[in-house]
Amino acid sequence: MAEAPPLRLEGVTKRFKGARRRAPPVIALDGVSFTLSPGRTLGLVGPDAAGKTTLMRILAGLVEPDEGTVEVLGGPVAGLDRSQVGYMPQGGGLYAELSVRQNLELYARLRGIEPEESPERIEQLYRLTGLAAFRDRPSGQLSGGMRQKLAMACAVVAAPPLMLLDEPSVGVDPVSRREIWQLAQELAGQGSSIVWTTSILDDAERCDELLLLHEGRVHYAGPPSGLAQRAAGRTFARPLGSTRPRDAVQALLEQPGIVTAGITGNLVRAVTRTSGPPGAGWQPTSPCADDGFAASLDTGQVLPPSALAAAFPLRVADPATPAIAAIGLSRRYGDFMAVQDVSFTVGPGEIFGLLGPNGAGKSTTFRMLCGLLAPSDGLGTVAGRDLTVARAQAREALGYMPQKFSLYGDLTVAANLRFVAGAYGLSGSRASEAVERVVSALDLAGYFSSAAGALPLGVKQRLALGAAVLHTPPVLFLDEPTSGVDPLIRREFWHHINAIAARGTAVLVTTHFMNEAENCDRLLLINQSEAIAQGTPAELRRLVRSETVEPTLEEAFIALIMAQRATAANAA
């Protein structure tokens with residue numbers, strides 16, 4: 001007798017009440033059907049609010065569909081044995097005040113496993129995640145990558161035959177993303193099946209199958225190569241030459257015939273709306289899943305000039321005064337050195353990227369330069385203001401988007417933006433115009449009356465970006481601005497960021513997406529609290545280039561991090 005598929009859905013539909021009274025219902029899923037074969041990994045992708053998390057919650061038995069059939073492990077989802085499904089919700093579902101050990105043991109007991117009766121499984125999880133040395137540390141004090149590994153271990157502590165992982169690699173660096181993918185394969189029992197929701201198409205390409213959702217409907221089902229082929233004959237590349245990378249991308253994105261564009265190494269790539277190249281010097285190139293994703297969901301609309309950037313005054317650079325300066329910045333917590341002797345400057349109109357693994361010290365550096373954290377040693381300045389003696393004045397000159405969503409979850413989008421506008425000294429018509437501009441530019445009108453805490457992750461990021469630029473500051477700090485948003489929204493974010501920098505605003509940004517880092521004028525790579533490389537993206541790639549291989553920035557990032565780790569290990 002053939003083994004029952006771990007998942008089978010037929011015509012699944014789910015509706016939710018509208019956000020406002022008498023508003024029509026929101027259709028989260030509309031006739032979704034698919035079957036997952038045993039031992040296969042399914043990548044679930046789609047833009048923000050596509051229905052991915054709703055589908056995962058239905059598969060986990062937490063939400064009932066309005067219509068259709070859902071079978072999990074050969075039976076109706078209503079009779080699901082929860083110990084047979086490992087569900088990792090978006091955000092991880094960890095208890096921040098509990099230690100690593102307490103979280104793991106709590107989830108073990110919830111899955112019917114007494115830790116003292118299964119010490120081998122618990123020790124295996126510690127070994128595979130590398131968390132043995134941190135078992136007594138509160139989970140809220142772990143790095144992003146460590147939290148994701150712990151959340152995954154908690155979800156699969158019972159070695160279930162089906163794993164449902166909702167954004168397991170969101171907000172983590174390329175090294176940690178590879179480790180988390182490998183961890184999932186190692187944690188899965190023999191013959192286990194995995195559903196892996198992600199906004200990172202590089203992760204999706206590792207899956208056996210993909211399901212592309214948009215507006216609750218299936219727009220593609222099949223192997224990753226099939227999604228990539230949707231951009232076949234429309235993907236082209238040419239040498240970047242002497243053009244500044246972000247200028248090349250910005251010019252392409254505003255052309256009517258371009259779906260999306262980006263930088264890969266010393267090449268600029270573009271996906272077109274027709275089968276012809278975008279101009280002279282372009283050559284056909286193999287499409288990737290990112291290209292197919294963009295081509296599949298292309299609406300034909302051209303990105304208009306950035307309304308966010310248009311409100312920024314045109315600022316004239318003063319070469320003698322850097323917009324941002326870090327001079328020997330250090331921060332220690334007791335015996336732990338979070339940041340050690342980091343120095344760099346950012347000029348007006350420059351985009352400067354901080355790169356590094358989770359826990360390397362990037363966010364701590366950010367918080368020192370924003371005036372939110374006093375350095376143990378060194379000096380920081382913003383817009384010429386010394387943060388040690390004029391912290392309040394310096395903070396008035398900057399906009400800050402933190403890594404963790406920090407607006408008020410119980411307030412609506414409208415109330416949050418009005419509150420932030422007032423905090424920045426905007427009132428009356430100035431505040432109203434700023435809020436209206438942000439809502440229009442970032443497509444937030446449909447969420448205007450929604451509670452911020454209930455928004456999809458990507459929409460929260462758009463709201464946070466809007467709040468940071470309401471007062472059009474001369475300096476902008478963006479800490480993981482596109483974490484959790486889909487490739488098309490990332491394209492729009494960088495369209496705004498590039499245009500804002502072109503007006504003379506200095507931008508300091510952290511990102512875990514190396515194709516985004518290619519937009520930066522210069523980069524600083526931090527690992528284990530220390531700066532290990534600094535220069536343009538091309539200069540960082542040259543540090544690891546061989547005579548025969550031209551590395552991508554992601555390959556250079558991984559090579560430099562691993563080399564530094566090896567050096568530190570040998571020194572120890």
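Is Arg491 buried or exposed? Exercise 1 works this out, and the others follow the chain through its strands and salt bridges.

This is a predicted model, in which local features need pLDDT of at least 70 and side-chain atom pairs count only at pLDDT 80 or more, while totals for chains, interfaces and linings use all residues. Residues are numbered from 1 along each chain as its sequence is written, and side-chain values use heavy atoms, with hydrogens and water left out.

**Exercise 1. Place Arg491 and its salt-bridge partner on the accessibility scale.**

Step 1: Recall the classes: buried means under 20% relative accessible area, exposed over 50%, and partly exposed in between (1.4 Å probe, protein chains only).
Step 2: Arg491 has 15% relative accessibility, so Arg491 is buried.
Step 3: The partner is Glu492, with 3.9 Å from N to O; a salt bridge is a side-chain nitrogen of Lys or Arg within 4 Å of a carboxyl oxygen of Asp or Glu.
Step 4: Glu492 has a relative accessible area of 28%, so Glu492 is partly exposed.
Step 5: Elsewhere, salt bridges with shared partners join Arg177, Arg178, Asp203, Arg206 and Glu554 into one network.

**Exercise 2. Describe the surroundings of Thr505.**

Step 1: Locate the residue. Thr505 sits in the loop between helix H16 (487-502) and strand E22 (506-510); helices (H or I, at least four residues) and strands (E, at least two) are DSSP runs, numbered from the N terminus.
Step 2: Check its cover. Thr505 is buried, because its relative accessibility is 0%.
Step 3: Look for polar contacts, which are pairs of N or O atoms within 3.5 Å; within protein, one must be able to donate a hydrogen and the other to accept it, and residues adjacent in sequence count only if both atoms are side-chain atoms. The side chains of Thr505 and Arg315 make a polar contact of 3.1 Å. A polar atom of the Thr505 side chain also lies 3.2 Å from the backbone oxygen of Pro473.
Step 4: List the wider contacts (heavy atoms within 4.5 Å). Leaving aside neighbours within four places in sequence, the residues in contact with Thr505 include Phe312, Gly349, Glu350, Val475 and Ile500.

**Exercise 3. Which strands pair with E21, and where do the side chains of E21 point?**

Step 1: Two strands pair if DSSP finds at least two bridges between them. E21 pairs with E20 in the parallel sense over 4 bridges, and 5 bridges join E21 to E22, also parallel.
Step 2: Follow Leu478 across the sheet. Leu478 stands opposite Met401, and its bridge partner in E22 is Val509.
Step 3: In a regular strand the side chains alternate between the two faces of the sheet. In E21, Val475, Phe477 and Asp479 point one way, whereas Leu476 and Leu478 point the other way.
Step 4: Because 5 of the 5 residues of E21 (residues 475-479) are buried, the strand is largely enclosed by the rest of the structure.

**Exercise 4. Find the edges of the sheet E2-E1-E4-E5.**

Step 1: The sheet is open, has 4 strands in that order, and its pairing is antiparallel.
Step 2: Strand E2 (26-36) and strand E5 (75-76) stand at the edges, each with a single partner strand, so one side of each has no neighbour in the sheet.
Step 3: Strand E1 (residues 7-16) and strand E4 (residues 67-72) pair over 5 bridges; the bridge partner of Glu10 in E4 is Thr69.

**Exercise 5. Trace salt bridges that link separate parts of the chain.**

Step 1: The whole structure holds 26 salt bridges. One of them joins Arg217 and Asp30, with the closest N and O atoms 2.9 Å apart.
Step 2: Arg217 lies in strand E10 (residues 217-222) and Asp30 in strand E2, so the pair ties together parts that are 187 residues apart in sequence.
Step 3: Arg217 is partly exposed at 49%, and Asp30 is partly exposed at 27%.
Step 4: Arg273 and Asp298 form another salt bridge, at 2.8 Å between the closest N and O atoms. Arg273 is in the loop between strand E13 (267-272) and strand E14 (283-284), and Asp298 in the loop between helix H9 (289-296) and helix H10 (307-310), 25 residues apart.
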